[in-house]
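New to this one? Take a moment to look it over, and then we'll walk through it together.

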Amino acid sequence: MIPLAVTTSAKKDAELERDARAVARRWGLPFLPRKPKEGIAPWLGTKAAALLVVGGDGVTLWEPEGTFGFHAGMAHLRRMRFREGARDDAFVRSAELRPGDSVLDCTLGLGQDALMASLAVGPTGRVVGLEKSPALCVVAGEGLRRYPRGDDSCAIDVQNVDAHAYLKTQPSGAFDVVFFDPMFAKPKKAQPAFEVLRRFADHSPLTPEALEEGRRVARRWVVVKGAKHSDDLQKLGLTPEPGSRYTDVIWGRVAAR
Ligand SMILES: C[S@@+](CC[C@H](N)C(=O)[O-])C[C@H]1O[C@@H](n2cnc3c(N)ncnc32)[C@H](O)[C@@H]1O
């Protein structure tokens with residue numbers, strides 16, 4: 001059985017099929033043509049373990065337990081606030097992102113922090129987002145491609161790779177800021193989209209070796225997002241900055257090497 005394949009939604013036309021074939025090519029995935037009005041539920045677990053369905057509203061991941069598509073979630077609001085002049089976004093503040101910066105997001109997920117970075121660094125900046133899970137990477141990559149980010153944000157270069165492996169290929173000081181937001185060891189209540197993400201996500205913790213590679217590849221610093229209820233950051237030798245008492249998130253930062 002194919003682990004992951006691309007197809008079209010039931011309401012397809014020639015343009016949508018071209019679009020879906022392009023998605024399959026971009027990510028090196030097989031394309032399964034669909035007959036008009038053919039249901040795809042019977043394909044799940046027989047033809048493919050999971051399917052990426054390209055429709056008029058973007059790419060949706062289908063798996064036996066449910067479906068999910070890209071949405072910018074809180075990033076939409078965070079970007080609105082930033083555009084209104086607010087400078088209190090915790091990620092932008094911890095990373096001290098400035099126009100023209102280059103950012104390596106080692107844990108892209110749904111790309112919410114990457115979307116924030118793309119606005120904070122602006123059109124002259126650079127954001128590369130790495131995602132290890134092929135299914136999440138395509139949903140996020142295609143979602144970000146279609147997201148109306150505006151002229152004030154740079155594009156996000158999405159790559160389906162393991163962050164540690166990617167870091168090893170990079171020269172020292174290749175990015176101003178390297179960012180890690182690994183999955184929390186003990187999940188607390190999260191936005192619904194993150195519950196779906198959790199099933200497909202890579203749950204391995206950030207290792208001291210990957211953090212050190214991050215410090216080599218960073219020009220200014222490495223920023224790590226963690227959970228208030230765990231000591232993951234402290235175990236990596238990071239001192240969390242006091243965050244807002246209204247969130248479960250804490251931030252750590254370590255200087256480049
Ligand atoms: C908590 S989520 C990140 C959420 C993200 N900051 C956002 O704003 O949407 C962590 C993501 O990193 C991915 N991930 C974990 N380890 C990784 C690795 N070594 N390389 C690339 N991606 C990784 C997981 O699959 C998951 O999608």
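## The sheet and what surrounds it

Let's start with the open sheet: four strands in the order E1-E2-E3-E4, with mixed pairing. At the edges sit strand E1 (2-8) and strand E4 (66-69), each of which pairs on one side only. Going from one strand to the next, the twist averages 25°. Keep in mind as you look that this is a predicted model.

As general background, strands of a sheet pair through backbone hydrogen bonds, in either a parallel or an antiparallel way. Here, strand E2 (residues 48-55) and strand E3 (residues 58-63) run antiparallel, and five bridges join them. If you want to find a bridge by eye, look for Val-53, whose bridge partner in E3 is Thr-60.

Now for the helices. Helix H1 packs on the sheet, where it touches E1, E2 and E3. Helix H5, for its part, lies across E1, E2, E3 and E4. Here are their directions:

| Helix | Residues | Angle |
|---|---|---|
| H1 | residues 14-27 | about 155° with E1 |
| H5 | residues 134-146 | about 160° to E3 |

On to the ligand. Which residues are the closest to the ligand? They are Thr-107, Gly-109, Gln-112, Ala-163 and Ala-201, out of 22 residues that surround the ligand. Two elements, helix H4 (112-121) and helix H6 (163-169), give two or more residues each to this shell. As for its chemistry, the shell around the ligand divides into nine nonpolar, seven polar and six charged residues.

How values were computed. Residues are numbered from 1 along each chain as its sequence is written. This is a predicted model: local features need pLDDT of at least 70, side-chain atom pairs count only at pLDDT 80 or more; totals for chains, interfaces and linings use all residues. Two strands pair if DSSP finds at least two bridges between them. Axes are lines fitted to C-alpha atoms, for helices over the stretch in contact, and angles run from 0 to 180 degrees between N-to-C directions. Two residues are in contact if their C-beta atoms, placed from the backbone, lie within 7 Å. A residue is near a molecule or strand if its C-beta atom, placed from the backbone, lies within 6 Å of it. Ala, Val, Leu, Ile, Met, Phe, Trp, Tyr, Cys and Pro count as nonpolar, Asp, Glu, Lys and Arg as charged, and the others, Gly among them, as polar.
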